[in-house]
Amino acid sequence: MRNTVVCAAIEKDRCYICTECGGCKISDITKLIRKLNYRDLYIVKGGRAIEKIIREQKPEAIVGIACFFEGNQAFKMLKDENVAVQFVPLTKDGCATTDTDLTEVEKVLKYAVCSESNLKR
Ligand code: SF4
């Protein structure tokens, strides 16, 4: 989803660190993640990075935004892990210039936060 023409994100390992230049929707998603108090946001270069993040960060739940193929791969990878997973499919997939529906992303991010709060009661 990065706008590679203007993107100022910093590459680190298998991830990008968004500088919130406003050049793509990742900037909006980053603001939303912060507002909803999510612990972390990872912009990964591919699905394999997820394994490493899960091993290192041991999250209880994750929300992924990806194409159907990568989303399906992530579900398979996490089926034996004790991690709750929500997924927002891309509206335009491919290897570059992908897109997502921000309204849908916001809905799922808010729903996941509510679900986690209810589980802790
Ligand atoms: S908002 Fe972040 S990811 Fe998007 S183009 Fe700017 S620096 Fe790159």
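**Entry 1: Lys 52 and Glu 56**

I looked up Lys 52 and found a salt bridge to Glu 56, with the closest N and O atoms 3.7 Å apart. I count a salt bridge when a side-chain nitrogen of Lys or Arg is within 4 Å of a carboxyl oxygen of Asp or Glu. The model is a predicted one, so I kept to its limits: local features need pLDDT of at least 70, side-chain atom pairs count only at pLDDT 80 or more, and totals for chains, interfaces and linings use all residues. Residues are numbered from 1 along each chain as its sequence is written, and side-chain values use heavy atoms, with hydrogens and water left out.

Lys 52 and Glu 56 are separated by about one helical turn because they sit 4 residues apart in helix α2. Helices here are DSSP runs of H or I with at least four residues, strands are runs of E with at least two, and both are numbered from the N terminus. Lys 52 is partly exposed at a relative accessible area of 33%, and Glu 56 is exposed at 51%. The cut-offs I used are under 20% relative accessible area for buried, over 50% for exposed and partly exposed in between, with a 1.4 Å probe and protein chains only.

**Entry 2: the positive patch**

I stayed with helix α2, which spans residues 48-57 and holds Arg 55. Arg 55 is exposed, its relative accessible area being 57%. Together with Arg 14, Arg 48 and Lys 58, Arg 55 forms a positive surface patch. For a patch I take residues with over 30% relative accessible area and no salt bridge, joining like charges within 9 Å and nonpolar side chains (Val, Leu, Ile, Met, Phe, Trp, Tyr) within 5 Å. Lys and Arg count as positive and Asp and Glu as negative, while His and the chain ends are not counted. The charge is placed at NZ of Lys, CZ of Arg, CG of Asp or CD of Glu. The accessible areas come from the Shrake-Rupley method with a 1.4 Å probe, and for residues only the protein chains shown count as cover.

**Entry 3: other salt bridges**

How many salt bridges does the structure hold? I noted 9.

Arg 34 and Glu 20 meet through their side chains in one of them, at 2.4 Å from N to O. The two belong to distant parts of the chain, 14 residues apart: Arg 34 is in helix α1, and Glu 20 is in the loop between β2 (15-17) and α1. Glu 20 is partly exposed at 28% relative accessibility. Glu 20 and Arg 34 are also linked with Lys 31 in a network of salt bridges.

I then checked Asp 99 and Lys 25, whose side chains form a salt bridge of 2.8 Å, N to O. This pair also links distant parts of the chain, with Asp 99 in the loop between β5 and α4, Lys 25 in helix α1, and their positions 74 residues apart. Asp 99 is partly exposed at 28% relative accessibility, and Lys 25 is partly exposed at 26%.

**Entry 4: helix α1**

Which residues of α1 are buried? I listed Ile 26, Ser 27, Ile 29, Thr 30, Leu 32 and Ile 33.

I took Ser 27 for a closer check; its helix, α1, covers residues 25-35. Its relative accessible area is 3%, so Ser 27 counts as buried. Setting aside residues up to four places away in sequence, Ser 27 touches Cys 18, Glu 20 and Gly 22; contact means heavy atoms within 4.5 Å. Just after α1, I noted a positive phi of about 65° at Asn 37.

**Entry 5: Thr 100 and Val 88**

Is Thr 100 buried or exposed? Thr 100 is buried, with a relative accessible area of 0%. I located Thr 100 in the loop between β5 (84-89) and α4 (102-120). Beyond four places in sequence, its contacts include Met 1, Lys 25, Ile 29, Ile 65 and Val 88.

Val 88 is in strand β5 and is buried at 2% relative accessibility. I found its C-alpha atom 4.8 Å from that of Ile 65, although the two are 23 residues apart along the chain. With neighbours within four places left aside, Val 88 is in contact with Gly 64, Ile 65, Ala 66, Thr 100, Glu 104, Val 105 and Val 108.

**Entry 6: Asn 82**

I found Asn 82 in the loop between α3 (68-78) and β5. Asn 82 is exposed, at 76% relative accessibility. Apart from residues up to four places away in sequence, Asn 82 touches Pro 59 and Glu 60. Thr 98 is 16 residues from Asn 82 along the chain, and their C-alpha atoms are separated by 30 Å.
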